Amino acid sequence: MKKIICKVEYDTEASEIVAKFTSGELGDPAGYEETLYVTAEGKYFIYTNGGAESIYPEENIKRIAKDKIDAWKTEHSL
């Protein structure tokens with residue numbers, strides 16, 4: 001997935017996965033995933049996607065500041 005945020009392109013296929021959090025099992029309509037990526041330029045973002053009844057019923061990308069990554073990992077016990 002690609003998304004432009006504030007004139008910066010975030011692309012899951014051109015970026016490196018740093019960490020991944022999964023809630024639920026494959027096929028669970030309430031299940032979802034949050035995947036933390038870093039671009040070649042060092043910008044971080046989170047790709048979200050889930051089932052129809054989840055908190056992420058549609059795929060999306062949101063940027064995350066580098067100083068917020070540890071809190072994200074702690075929140076997800078990574």
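**Exercise 1. Charges and surface**

Work out how far apart the mean positions of the 10 positive and 15 negative charges of the chain lie, keeping in mind that this is a predicted model.

*Solution.* Begin with the charges: the mean position of the 10 positive ones and that of the 15 negative ones are 10 Å apart. Next, turn to the surface. The chain exposes about 5,300 Å² of accessible surface, and carbon and sulfur atoms contribute 47% of that area. Finally, look inward: 36% of the 78 residues count as buried.

**Exercise 2. The overall fold**

Describe the secondary structure of the chain and decide how its radius of gyration compares with the globule rule.

*Solution.* Start by listing the elements: there are one helix and six strands. Then read them in sequence order, which gives β-β-β-β-β-β-α. Now take the radius of gyration, which is 13 Å, and set it beside the 12 Å that the globule rule gives for 78 residues. The two values are close, so the chain is as compact as a globular protein of that length. For the outer dimensions, the C-alpha trace spans about 35 × 25 × 20 Å along its principal axes. As a last step, consider contacts with a separation of 6 or more: 32% of these join residues 24 or more positions apart.

**Exercise 3. The hairpin of E1 and E2**

Find out in which sense strands E1 and E2 pair, and then examine the residues of the loop between them.

*Solution.* First, locate the strands: E1 covers residues 2–5 and E2 covers residues 8–11. They pair in the antiparallel sense, over four bridges. Second, match up residues across the pair. Ile 4 stands opposite Glu 9, and Ile 5 faces Val 8.

Third, move to the turn, where two residues lie between the strands. Cys 6 is found in this loop, as is Lys 7. Check their backbone angles against a general expectation: most residues other than glycine have a negative phi. Cys 6 departs from that sign, with phi near 50°, and Lys 7 has a positive phi of about 70°.

Fourth, ask about accessibility, using over 50% as the cut-off for exposed. Cys 6 has a relative accessible area of 55%, so Cys 6 is exposed. Lys 7 is at 83%, and therefore counts as exposed.

**Exercise 4. Two residues to place**

Determine whether Tyr 44 is buried or exposed, do the equivalent for Gly 51, and list the contacts of each residue beyond four places in sequence.

*Solution.* Take Tyr 44 to begin with; Tyr 44 is found in strand E5. Its relative accessible area is 19%, and buried means under 20%, so Tyr 44 is buried. Leaving out residues up to four places away in sequence, Tyr 44 touches several partners, among them Tyr 10, Val 18, Leu 36, Arg 63 and Ile 69. The last of these, Ile 69, is 25 residues from Tyr 44 in sequence, yet their C-alpha atoms are 8.5 Å apart.

Now turn to Gly 51, in the loop between strand E5 (44–50) and strand E6 (60–64). With 16% relative accessibility, Gly 51 falls under the 20% cut-off and so counts as buried. Apart from neighbours within four places in sequence, Gly 51 is in contact with Asp 28, Pro 29, Gly 31, Tyr 56 and Pro 57.

To finish, check a distance: Gly 51 and Ala 71 are 20 residues apart along the chain, and 25 Å separates their C-alpha atoms.

Conventions
Residues numbered from 1 in each chain as written. Predicted model: local features only at pLDDT ≥ 70, side-chain atom pairs only at ≥ 80, totals over all residues. Heavy atoms only, no water. Rg over C-alpha atoms; globule rule 2.2 N^0.38 Å. Buried < 20%, exposed > 50% of the residue type's maximum accessible area, 1.4 Å probe, protein only. Contact = heavy atoms within 4.5 Å. Areas by Shrake-Rupley, 256 points an atom, 1.4 Å probe, with all protein chains shown as cover. Lys, Arg positive; Asp, Glu negative; His and termini not counted. Charge placed at Lys NZ, Arg CZ, Asp CG, Glu CD. Pairing = 2+ DSSP bridges.
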